[in-house]
Amino acid sequence: MDWKDLKATLIIIYGQKENVSERWLEDVAKKNLVLFVNDDFHMTHDVVNGQPFYLNGNPLYKNYAFIKSEKLNAWILNQRKKDFEQFLQGQSESLKISRLVFFRNRKEVKPIKTANVVGYIDNNDSTQNSCKKYMVLSGHFDHLGKKGNSIYYGADDNGSGCSAIVAMAKYLGELAKNNALNKRIIVAFMTGEEMGLIGSHYFTATDFFKKNKFECNVNIDMIGRFDKNHQESKNPYIYVIGADRISKDLDSVISKTNVRYNHLDLDYRLNALDDPERLYERSDHFNFAKNGIPSVFFFSGLHEDYHKTSDTFDKLNYQLFHQRTKFLFTVVSELAIRKSPLR
Ligand SMILES: [Zn+2]
């Protein structure tokens, strides 16, 4: 979209998350520009029928934009719309907005009870674990549930990540039997990830989290399929996101382990700071990263069944899924037995 040609109404959707109907947006976005303002990127991103916005490539979404800004969101919420209008007009002389409409995205919230499922692994003889630090191996176990009669199975998102974690936990238990661990391991199946990283937000707000030291978080979300970038080459790969942002050691543990044992193609393209999908901010590791804890997100990419009822078990590539799980296990156990802290 060219801002210079903009003569339409600018519609600002702000405030809380609500699923806006895709048809409504389709109608409106033909003639107008729709701007989402929110203080939580993940929520803003997920607002249309639970689907993410693809900024590039999807003509339906060409008139959408979103801004993640706590300040701006608060500003609008505080009824300072006039200021905002002036601010926008002042940005560019050629920005011609004929009308500015604010649409408060407000939803009645019905509280429901849910829980993270958390396990703990320490050496058989815990006195033989001199390290007081925890590491968290996480994946979300929620998905989109049921809408009407449609069931969202979520085999890849995130049945794949959860199954890999269960398998790894079993073998980490073997290391614990031999008193080989130098970290206290928390295995966390997070709830409410799809609703906005709720389970991991809760976890990182607990007293337990605040009172203890955490060495790292390894988060796994969707690792069972090929995406379109790798459809043709069929090389075994995995996306590595965020590993180098807080600690250089974490990234080097991952690449060295891979060279030694696994030889997967480590794909860093989604780790680019300007990647439009912003995946670094879209799963549970982000809540650990926000707290300064070295975090890595392992992922095999978006695909045509993402957030659809067709994300089913028969679409997974089990050979590749197995290779990735073995790779992840070597990385996690390397981190778990490592003595020196990650820097
Ligand atoms: Zn997911």
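**Exercise 1. Two helices in contact**

In which hand, left or right, does helix 5 pass helix 11? Describe the geometry of the pair and the residues that make the contact.

*Solution.* The model is a predicted one, and the crossing of helix 5 past helix 11 in it is right-handed. To place the two elements, note that helix 5 spans residues 155–177 and helix 11 spans residues 318–337, and that their axes come within 10 Å and cross at roughly 45°. An angle between 35 and 65 degrees is neither roughly parallel nor roughly perpendicular, and helix 5 and helix 11 are therefore oblique to each other. On the side of helix 5 the contact is made by S160, A164, A167, M168, Y171, L172 and L175, and on the side of helix 11 by F321, T325, L328, F329, V332, S333, A336 and I337. Sorted by class, these residues comprise twelve nonpolar and three polar ones, with no charged residue in the contact of helix 5 with helix 11.

One residue of this contact can be followed further. A167 belongs to helix 5, and its C-alpha atom lies 9.5 Å from that of K326, although A167 and K326 are 159 residues apart in sequence. Since burial requires 20 or more C-beta neighbours, A167, with 15 inside 10 Å, counts as partly exposed.

**Exercise 2. The open sheet**

Work out the order of the strands in the seven-stranded open sheet, and state which strands stand at its edges.

*Solution.* The order is 5-9-6-10-13-11-12, and the pairing is mixed. Strand 5 (117–121) and strand 12 (265–267) stand at the edges, each with a single partner strand, so that one side of each is left without a neighbour in the sheet. From one strand to the next the twist averages 20°.

The individual pairings can then be taken in turn. Strand 6 (residues 134–140) and strand 10 (residues 214–220) pair in the parallel sense over five bridges, and among these pairings M135 has C216 as its bridge partner in strand 10. Strand 10 also runs parallel to strand 13, to which four bridges join it, with V218 partnered by V296 of strand 13. Strand 11 and strand 13, by contrast, run antiparallel and are joined by three bridges, and here Y239 stands opposite F299 in strand 13.

Finally, the sheet can be related to the first exercise, for helix 5 lies across strand 5, strand 6, strand 9 (184–190) and strand 10, and runs at about 150° to strand 6.

**Exercise 3. Burial in strands 13 and 11**

How many of the five residues of strand 13 are buried, and which residues of strand 11's V240 environment are in contact with V240?

*Solution.* In strand 13 (residues 295–299), five of its five residues are buried, and the strand is mostly covered. Taking the two faces separately, S295, F297 and F299 lie on one side and V296 and F298 on the other, and both faces are covered.

V240 lies in strand 11, which spans residues 237–241. With 24 other C-beta atoms within 10 Å, V240 is buried. When neighbours within four places in sequence are left aside, V240 is in contact with I254, L266, Y268, N271, V296 and F298. The C-alpha atoms of V240 and S255, which are 15 residues apart along the chain, are separated by 9.8 Å.

**Exercise 4. Backbone exceptions**

Which peptide bond is cis, and where are N179 and H307 found?

*Solution.* The general expectation is that most residues other than glycine have a negative phi and that most peptide bonds are trans. The peptide bond from D157 to N158 is cis, with omega near 5°, and N158 is found in helix 5. N179 has phi near 55°, a positive value in a residue other than glycine, and it lies in the loop between helix 5 and strand 9. With 15 other C-beta atoms within 10 Å, N179 is partly exposed. H307, likewise not a glycine, has a positive phi of about 55°; H307 is in the loop between strand 13 and helix 11, and its 18 C-beta neighbours inside 10 Å make it partly exposed.

Methods: Residues are numbered from 1 along each chain as its sequence is written. This is a predicted model: local features need pLDDT of at least 70, side-chain atom pairs count only at pLDDT 80 or more; totals for chains, interfaces and linings use all residues. Axes are lines fitted to C-alpha atoms, for helices over the stretch in contact, and angles run from 0 to 180 degrees between N-to-C directions. Angles under 35 degrees count as roughly parallel, over 145 as roughly antiparallel, 65 to 115 as roughly perpendicular and the rest as oblique. A crossing is left-handed if the near helix is turned anticlockwise from the far one by less than a right angle, and right-handed if clockwise. Two residues are in contact if their C-beta atoms, placed from the backbone, lie within 7 Å. Ala, Val, Leu, Ile, Met, Phe, Trp, Tyr, Cys and Pro count as nonpolar, Asp, Glu, Lys and Arg as charged, and the others, Gly among them, as polar. Two strands pair if DSSP finds at least two bridges between them. A residue is buried if 20 or more other C-beta atoms lie within 10 Å of its own, exposed if 12 or fewer, and partly exposed in between; C-beta atoms are placed from the backbone.
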